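Open the model in your viewer and keep the selection panel at hand. We will go from the whole chain down to single residues.

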Amino acid sequence: MVMKYIIKDNQAGFVLKNGVFQKMITAGTYHFSKMAGYTVVVEEMLGEMNYMEVPYQVLSKDKTFSEAVVHMEIPDGFVGFLYMNGKLTFFANRKDYVFWNVFDKYEMKVISMEETVIGGEVSKQMLALVPKHLYTEVSVGEGETGLVYYDNVLQKPLSKGIYRFWNYNHTVSFCVVDMKQKELDIVGQEILTKDKIGIRMNVSCMYKVRDAVEFVAKISDLKGQLYHAVQLVVREIVGNYKLDEILEAKEQISKEIYGALGEREEMFCVNFLTAGIKDIILPGEIREIMNSVLVAEKTAQANVISRREEVASTRSLLNTAKLMDENQTLYRLKELEYLERICEKVGEISVNGSAGIVEQLGKMMGTSASKNVV
């Protein structure tokens with residue numbers, strides 16, 4: 001029995017006799033005797049060659065097959081990036097690939113993973129195709145320092161940028177240390193003063209990590225440890241002052257706190273930039289007493305000022321009286337000034353006789369009597 005096989009332009013046929021590969025045939029019409037043990041397997045010549053029932057080493061001996069395919073091998077420790085017609089298509093990490101190279105042209109770019117640092121030959125588009133478990137990416141921002149470890153061995157610190165490492169020869173780990181200045185607030189810290197008065201205090205300080213390598217080697221929870229350290233310093237210093245001294249010497253105490261924290265910088269691998277007391281919160285009863293004292297002080301000050309003004313006014317009157325006693329013209333001018341003020345309050349004045357208006361007004365006000373007295 002003879003079988004007819006029609007192979008299209010985009011197809012290839014694998015001719016087998018009793019299961020043994022004989023040759024590859026391309027477009028055309030063919031007849032093979034089934035009784036003689038011939039069979040033909042047809043496959044489209046697109047993309048990766050899927051017919052692998054016969055090993056490639058056997059198929060490659062056929063010239064027609066060898067000219068129609070491209071064989072790509074990826075050595076151990078390497079990865080490949082496949083380009084179809086010059087366009088990046090997919091990531092390849094198998095040992096070998098066979099592609100039909102008739103209608104589409106395939107190329108493979110092979111990259112070594114032996115060098116742990118991923119170099120510039122791997123573009124961003126290429127890296128997007130690589131499985132995440134094959135590499136480690138480290139992003140270091142402004143004001144940060146990156147520390148990378150190969151098998152837990154520290155490498156050179158990294159400055160601002162994005163870095164990528166193959167996870168092939170080494171287990172890569174990393175940490176990013178923030179070197180920017182930070183603020184630490186101690187809110188509502190309860191303190192017993194030297195005169196046994198319980199107060200609360202808000203304290204603030206600014207700090208920054210000074211050495212990333214030393215910091216990572218020594219410190220596990222910086223903020224928590226700094227918080228407790230500042231608490232202890234504040235209690236130790238403020239507890240040596242009485243309440244009145246604390247209220248009066250707030251700035252001085254803040255300087256002492258800053259100085260004490262400076263002595264602990266090496267312990268925490270930081271530099272303290274500022275430190276000081278923000279608020280002092282008194283108990284309710286103490287606050288009422290302080291308010292009463294303040295009111296009393298202000299009242300006393302007001303009384304002193306009032307008495308001082310009274311004395312000054314009396315002295316001024318005495319000086320004026322002496323001047324008028326010694327100078328009749330000045331006395332007369334002062335008399336006219338007062339008459340002017342009185343007249344401003346009077347609606348109507350009637351004058352009779354031939355005497356002058358000033359003399360009559362003077363008589364009305366008892367001026368003469370006043371003059372005699374003076």
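The tour below starts with the overall fold and then moves inward.

**Whole chain.** This is a predicted model. Show it as a cartoon: the protein chain has 12 helices and 18 strands. Colour by burial next. Of the 374 residues, 33% are buried. Now add a surface. About 23500 Å² is exposed, and carbon and sulfur atoms supply 52% of that area. For contacts with a separation of 6 or more, 64% link residues 24 or more positions apart.

**Largest nonpolar core.** Select Met201, Leu222 and Ile257. Among the 39 residues of the largest nonpolar core, these three touch the most other members. Elements that each supply at least two residues to this core include β16 (182-192), β17 (198-209), α5 (222-238) and β18 (270-281). The top contributor is α5, with eight residues.

Zoom in on Met201. Leaving aside residues up to four places away in sequence, Met201 touches Ile186, Val234, Ile246 and Ile277, among others. Apart from this core lies another, of 16 residues; select Leu16, Met24, Met49 and Ala68 to find part of it.

**Strand β12.** Select 144-150, which also supplies at least two residues to the largest core. Six of the seven residues of β12 are buried, so the strand is largely enclosed by the rest of the structure. Which strands pair with it? Add 172-178: β15 pairs antiparallel with β12 over seven bridges. Here Tyr149 has Ser173 as its bridge partner. Then add 153-154: β13 pairs with β12, also antiparallel, over two bridges. Tyr150 stands opposite Val153.

**Last stop: the turn.** β12 and β13 form a hairpin with two residues between them. Select Asp151 in that turn; its phi is positive, about 50°.

Key
Residues numbered from 1 in each chain as written. Predicted model: local features only at pLDDT ≥ 70, side-chain atom pairs only at ≥ 80, totals over all residues. Heavy atoms only, no water. Helix = DSSP H or I, 4+ residues; strand = E, 2+ residues; numbered from the N terminus. Buried < 20%, exposed > 50% of the residue type's maximum accessible area, 1.4 Å probe, protein only. Contact = heavy atoms within 4.5 Å. Areas by Shrake-Rupley, 256 points an atom, 1.4 Å probe, with all protein chains shown as cover. Core = buried A, V, L, I, M, F, W, Y, C linked by side-chain atoms within 4.5 Å. Pairing = 2+ DSSP bridges.
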